[in-house]
Amino acid sequence: MSENAQVHSVGIIMNGVTGRMGTNQHLMRSIAAIREQGGVRIGEEEFIMPDPILVGRNPVKLRKRSEMSGVEKWTTDLDSVLSSPEYPVYFDAQTTDRRADAVRRAVEAGKHIYVEKPTATNAREAWQIADLAEEAGVKNGVVMDKLWLPGFRKLQVLLESGFFGRILSVRGEFGYWVFEGDRISPQRPSWNYRKEDGGGIILDMFPHWSYILENLFGELNSVLCLGATHVKERWDENGDAYECTADDAAYAMFEIEGDIIAQFNSSWTTRVRRDDLVTIQVDGTEGSAVVGLRKCYTQSYGNTPKPVWNPDVETKKDYHDDWLPVPDQEEYENAFKAQWEKYLLHVVKDEPFPWSLREGAKGVQLAESGYNSWQEKRWVEL
């Protein structure tokens, strides 16, 4: 960067970045990486440089994150930075039950907003903070990272090229076995399994399915959902047993405009025998695709085999052989970093950023409708 470069410094309050996602994806692989590369390039001599301050409740964790990221500023006093004009942006990666109140305070302080999902624990609060941000005139956005993953980028190219013909159905499988904590330490925090703390796989994952389906395939019309708490007891970070009060699996169907049917299984109580931790199969009249986090495989109409059902004869065919990989046609940035850069361009240059709090509220509404469908055992219109 030359001495004549124009640098737009953007102060960012980063609240809740001591957790796994906040540390790894938002702090280290996004903001610290952007700073290390010299900022977000706007032109030959113009850049955006994030200037973060880390906020949280635990000073020991904050000091450690400061040392590992090179971000020197940190504080446990959120009010002091909300009142400071040095930080026009508020980012939130706290646990879900703390998010809506903190966002409301940040909006009232005149901050631009960028938050993790779900944006609230219930639809009423999610719509309220979206309305509040719009009324205040602050720029706002929600993390919708999977749209920038290599697998989904490849899927987007197929959709834009008309590869599928008329889309018929979408089938998603997500999940893995999360250890209970008694014999092997768990790989997710204990609050995920307590409904009173904002836990539950429906609230965690349906906001993802909402933005994926709506951004790629069309508006969601209705949902049918059955949830479950398959594992009743787990052990927390201190090794103490606790009762699981939140759902750890969900089996759902979604109706999408254009007569597209989507089915999604979401589970923290399943073992993986598929290409990735999340896979989505899209079937159309002219072709199909199977998408994971990074890979995408296709089967066109002309390459579709003609199976014949005969359970009395062992098949010698490997059906995986009829699928072709979509090549890497570009270099793919970290998905979180890619969206952070778009958000910073939105704040500084007013470039379009459609992934707003209002879009985030749709995800919370879908989760809430999923719970209602489960409890009432019926389709719920959206």
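Biologist: Happy to look at this one with you! How many salt bridges does the structure hold?

Modeller: Keep in mind that this is a predicted model. A salt bridge here needs a side-chain nitrogen of Lys or Arg within 4 Å of a carboxyl oxygen of Asp or Glu. By that rule, the count of salt bridges in the structure is 20.

Biologist: Lovely. Are Lys362 and Glu359 buried, exposed or partly exposed?

Modeller: These two residues form a salt bridge, with their closest N and O atoms 3.4 Å apart. Both sit in helix 9 (residues 357-376), three residues apart, about one turn of the helix. Glu359 has a relative accessibility of 27% and Lys362 a relative accessible area of 29%, so each counts as partly exposed.

Biologist: And which residue forms a salt bridge with Arg378?

Modeller: Arg378 is partly exposed, with a relative accessible area of 40%. Its partner is also partly exposed, at 41%. The closest N and O atoms of the pair are 2.5 Å apart, and that partner is Glu376.

Biologist: Good to know! Why do Cys225 and Cys244 form no disulfide, and how many disulfides are counted?

Modeller: Both cysteines are buried, Cys225 with a relative accessible area of 5% and Cys244 at 7% relative accessibility. A disulfide requires sulfur atoms within 2.5 Å. The sulfur of Cys225 is 18 Å from the closest cysteine sulfur, in Cys244, so the two are too far apart for a bond. The number of disulfides is therefore zero.

Biologist: One last thing: which residues form a negative surface patch?

Modeller: One member, Asp182, lies in the loop between strand 8 (167-175) and helix 7 (201-216). Asp182 is partly exposed, at 41% relative accessibility. The patch is formed by Asp182, Glu196, Glu233 and Glu243.

Notes
Residues are numbered from 1 along each chain as its sequence is written. This is a predicted model: local features need pLDDT of at least 70, side-chain atom pairs count only at pLDDT 80 or more; totals for chains, interfaces and linings use all residues. Side-chain values use heavy atoms; hydrogens and water are left out. Patches are made of residues with over 30% relative accessible area and no salt bridge: like charges are joined within 9 Å, nonpolar side chains (Val, Leu, Ile, Met, Phe, Trp, Tyr) within 5 Å. Accessible areas come from the Shrake-Rupley method with a 1.4 Å probe; for residues, only the protein chains shown count as cover. Lys and Arg count as positive and Asp and Glu as negative; His and the chain ends are not counted. The place of a charge is taken as NZ of Lys, CZ of Arg, CG of Asp or CD of Glu. Helices (H or I, at least four residues) and strands (E, at least two) are DSSP runs, numbered from the N terminus. Buried means under 20% relative accessible area, exposed over 50%, partly exposed in between (1.4 Å probe, protein chains only).
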